[in-house]
Amino acid sequence: MRKYVIMGVQGSGKGTQSEMLAADLDLVHISVGDIFRWNVTNHTKMGAQVQRVMAAGELVGDDLAESVVQRRLAEHDWNYGFIIDGFPRNARQAEFFLESYDIDGVIHLDMPDSEVRRRVFGRRLCAKCGMDYNLLADSPAVPGQCDSCGGELVAREDDTAGALAVRLREYHGKTNPVLDLFRRKEYVITVDARPAKEVVQQEIRSRLGLPPLRAATRSPGQDGEGTR
Ligand code: AMP
């Protein structure tokens, strides 16, 4: 069983890299942001609670984020392991996580803020099936329309200049200390997130001592990060 955490600033490709690793190694990909977004889209009580905070680029409260993770992992559908993306995001969440689960490694996707801005503003999500697109790398066949289901491509509500500035500040202020904590435990591998997604994936695998990538994989419902 393999248990990984993936960390990186918004737009660094956490969702894409997690999906590629999960599909090939039969890991369950748990994206805390996706769980919150699902709740917003489906107008649940939790969705109503988090919608404004998320749209502003701020972090949802720790109690809620922790209970979402706890409930998701309690489903125990991860026979071969999991890769968790978007959690922990601050020191308290990291302590909660380390008290409850042992992990095999932390994948840190490293990307300068200037590149993050460039990518995030080109990011689109299908409003119907959740497939992610990056207009910089690979546009859909029909502009504004999902190649897979024909749904409308929209920007994420938190991919605005204001919300991105907040998220970058949150990341550097709160998430960097988490990386330092994990580094002290020698869990962390840092990978340059700027090259093509397959190159990044190979580097992750070689650094973790995993078998090389067999085929590129991509599926709906990713969190929309990274290039296609
Ligand atoms: P992401 O898709 O990881 O960029 O997350 C999108 C948004 O969901 C974040 O900007 C936060 O508002 C919220 N969120 C995701 N994960 C967490 C977390 N671990 N703690 C608090 N808020 C979170």
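Trainee: Which residues come nearest the ligand?
Mentor: Of the 18 residues around the ligand, those are Arg37, Glu58, Val60, Gly86 and Gln93. A residue counts as near if one of its heavy atoms lies within 4 Å of the molecule. Bear in mind that this is a predicted model, where local features need pLDDT of at least 70, side-chain atom pairs count only at pLDDT 80 or more, and totals for chains, interfaces and linings use all residues. Residues are numbered from 1 along each chain as its sequence is written, and side-chain values use heavy atoms, with hydrogens and water left out.

Trainee: Cool. What is 2.8 Å from a nitrogen atom of the ligand?
Mentor: A polar backbone atom of Gly86. That's a polar contact, meaning a pair of N or O atoms within 3.5 Å.

Trainee: And how far is a ligand nitrogen from the side chain of Gln93?
Mentor: An N or O atom in the Gln93 side chain is 2.9 Å from a nitrogen atom of the ligand. For Arg89, a side-chain N or O atom is 3.0 Å from a ligand oxygen.

Trainee: How does the shell around the ligand divide?
Mentor: Into 7 nonpolar, 4 polar and 7 charged residues. Here Ala, Val, Leu, Ile, Met, Phe, Trp, Tyr, Cys and Pro count as nonpolar, Asp, Glu, Lys and Arg as charged, and the others, Gly among them, as polar.

Trainee: Which element gives the largest share of that shell?
Mentor: α2, with 4 residues. Helices (H or I, at least four residues) and strands (E, at least two) are DSSP runs, numbered from the N terminus.

Technical notes: A polar contact is a pair of N or O atoms within 3.5 Å; within protein, one must be able to donate a hydrogen and the other to accept it, and residues adjacent in sequence count only if both atoms are side-chain atoms.
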